[in-house]
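Work through these exercises with the sequence and the 3D view side by side. Try each task before reading its solution.

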Amino acid sequence: MKQTRSELREKIMTILYQVFMYQSNNIEYELGDLIKEQLEIENEFVTNTLNGILEHKKNIFDTANNHLSDWTMDRLSKIDQSIISIGIYELLYTDTPEIVCINEAIELAKKYSDEKVRKMINGVLDKVYQDK
């Protein structure tokens with residue numbers, strides 16, 4: 001069954017959450033195995049997005065930290081880190097329309113974060129967009 005990009009972004013968020021948990025606990029992992037656990041068939045969008053986020057993680061986190069007030073990425077939950085990372089990656093490194101990048105991240109935040117965090121994510125992504 002073909003999944004929508006929105007559904008695939010949710011899979012990406014889940015995999016990123018796992019990766020960030022493993023990294024923070026110094027646990028070895030194989031990205032390909034994590035992807036296979038979440039997807040029935042290989043998906044280029046998922047693989048490319050995850051590899052891109054992990055390749056640019058430092059810049060993505062630095063960018064987020066520059067736009068967070070009274071917070072830093074390491075203080076956010078791993079889910080919120082994942083959502084912001086997807087949004088910033090798509091804004092800075094893909095041809096996805098900016099409004100789609102922001103809206104998709106906000107939809108994930110509506111589902112997985114509280115209202116305060118959702119507003120913060122929206123603010124950060126808006127600032128990143130304005131700085132582009």
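The exercises below concern a predicted model.

**Exercise 1. Determine how many helices and strands the protein chain has, and the pattern they follow.**

Step 1. Count the elements: there are seven helices and zero strands.
Step 2. Read along the sequence. The pattern is α-α-α-α-α-α-α.

**Exercise 2. Compare the radius of gyration of the protein chain with that of a compact globule.**

Step 1. Start from the length, 132 residues.
Step 2. A compact globule with that many residues would have a radius of gyration near 14 Å.
Step 3. The protein chain has 14 Å, so the two values agree.
Step 4. Add the outline. Along the principal axes, the C-alpha atoms fill a box of roughly 40 × 35 × 25 Å.
Step 5. Turn to the contacts with a separation of 6 or more. Residues 24 or more positions apart account for 68% of them.

**Exercise 3. Describe the burial, the exposed area and the charges of the protein chain.**

Step 1. Of the 132 residues, 43% are buried.
Step 2. The exposed area is about 7700 Å². Carbon and sulfur atoms supply 45% of that area.
Step 3. Count the charged side chains: 16 are positive and 23 are negative.
Step 4. Locate the centres of the two sets. They lie 5 Å apart.

**Exercise 4. Find which residues of H2 are buried and which are exposed.**

Step 1. Locate helix H2 at residues 31–38.
Step 2. Pick out the buried residues: Leu31, Leu34 and Ile35.
Step 3. Check their directions. These residues cover an arc of only 100° around the axis, so they sit on the same side of H2.
Step 4. Look at the other side of H2, where Lys36 and Glu37 are exposed.
Step 5. Identify the packing partners. The buried residues of H2 pack against H1 and helix H3 (44–55).

**Exercise 5. Place Asn26 and Asp70 in the chain, and decide whether each is buried or exposed.**

Step 1. Begin with Asn26, in the loop between helix H1 (5–24) and helix H2 (31–38).
Step 2. Examine its backbone. Asn26 is not a glycine, yet it has a positive phi of about 50°.
Step 3. Exposed means over 50% relative accessible area. Asn26 has 72% relative accessibility, so it counts as exposed.
Step 4. Move on to Asp70, in the loop between helix H4 (57–67) and helix H5 (78–93).
Step 5. Asp70 is not a glycine either, and its phi is positive at about 65°.
Step 6. The relative accessible area of Asp70 is 72%, so Asp70 is exposed.

Note on methods. Residues numbered from 1 in each chain as written. Predicted model: local features only at pLDDT ≥ 70, side-chain atom pairs only at ≥ 80, totals over all residues. Heavy atoms only, no water. Helix = DSSP H or I, 4+ residues; strand = E, 2+ residues; numbered from the N terminus. Rg over C-alpha atoms; globule rule 2.2 N^0.38 Å. Buried < 20%, exposed > 50% of the residue type's maximum accessible area, 1.4 Å probe, protein only. Contact = heavy atoms within 4.5 Å. Areas by Shrake-Rupley, 256 points an atom, 1.4 Å probe, with all protein chains shown as cover. Lys, Arg positive; Asp, Glu negative; His and termini not counted. Charge placed at Lys NZ, Arg CZ, Asp CG, Glu CD. Arc of directions from axis to C-beta.
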